[in-house]
Amino acid sequence: MMLSLCYLTVSLLWSLPFLSCGLAIHCNETQYEWPIDKPTLCCKKCPPGYYYSSRSETTCDIQCEPCVGERYMDAYNLETSCNICDVCTRAANLEIASSCKTTHNTVCKCRAGHRCKDVSCKKCVPIPTTVKPTLPRTTTVKVGSTSTTSTTKKPNNSLRDTQWFLVIIVLLCAGIALVVLTKIKPFLHWIRSNQVYFLDHKPVTVPLRAMDDDVSKPVQEVCGKCDHCIDLCIKE
């Protein structure tokens, strides 16, 4: 019994180095494995805005320095220097959208009237100007299960000019008629005022039959009548 226990103990002790080598260390993106040959620890990296400066010989502690000037670092790192900020050059038709900081790079954008030349957008080119034809506005009216599309056309200028010409002609005729009525009114008044005079002074017409009778009679009879009338007047 004792012999079996001793044999089991020796076997476990002998297999410990192999077990330790078989166990892998998994560190996240903010850490690094240390030591490099046989990593057993997960140590912290430098945060964004800092770069790696030095490390202790006995521990995994490191010393980080901040980025200065036109430099940045946008991720956890073990870099010995910070990255250089990009420059938005006018020659490439670029302008600054967001200035460079210690934790992120400069963000450039195309100037007005320009677009990116490629996916990297390191250079911009002018946008070609194209004149689109203006189409008349269309309206769709649904009737039952079918739809009717009608096109609204612009009014014809010649038709509008003709309408205005006719309106001007009508107004001109109305003005002329008003002037004529104004001028003819005194003449009509004069005709009405003299109409009574013409009616009162009608010529006396003698019946033709009476004249014929007098002419057909002898002169003596006519004279006799006249004498008779004269006698009556004298008597009276």
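**Close-up 1. The salt bridge between K109 and E95 in the predicted model**. K109 pairs with E95 through a salt bridge in which the closest N and O atoms are 3.9 Å apart. The pair links distant parts of the chain, since K109 belongs to strand β8 (residues 107–110) and E95 to strand β7, with their positions 14 residues apart in the numbering. K109 is partly exposed at a relative accessible area of 41%, and E95 is likewise classed as partly exposed, at 34%.

**Close-up 2. The salt bridge between D86 and K122**. The structure holds two salt bridges, and in the one formed by D86 with K122 the closest N and O atoms lie 3.8 Å apart. This pair also links distant parts of the chain, 36 residues apart, with D86 in the loop between β6 (83–84) and β7 (94–98) and K122 in the loop between β9 (114–116) and β10 (124–126). D86 is partly exposed, with a relative accessible area of 33%, whereas K122 counts as exposed at 56%.

**Close-up 3. The largest nonpolar core and the surroundings of C124**. Five residues, C88, A92, L94, C110 and C124, make up the largest nonpolar core. Leaving aside residues up to four places away in sequence, C124 touches A92, N93, L94, C110, H114, R115, C116 and K117.

**Close-up 4. The protein chain as the setting for these views**. The chain contains four helices and twelve strands, and 10% of its 236 residues count as buried. Its accessible surface comes to about 20600 Å², of which 63% belongs to carbon and sulfur atoms.

Notes:
Residues numbered from 1 in each chain as written. Predicted model: local features only at pLDDT ≥ 70, side-chain atom pairs only at ≥ 80, totals over all residues. Heavy atoms only, no water. Core = buried A, V, L, I, M, F, W, Y, C linked by side-chain atoms within 4.5 Å. Buried < 20%, exposed > 50% of the residue type's maximum accessible area, 1.4 Å probe, protein only. Contact = heavy atoms within 4.5 Å. Helix = DSSP H or I, 4+ residues; strand = E, 2+ residues; numbered from the N terminus. Areas by Shrake-Rupley, 256 points an atom, 1.4 Å probe, with all protein chains shown as cover. Salt bridge = Lys/Arg side-chain N within 4 Å of Asp/Glu carboxyl O.
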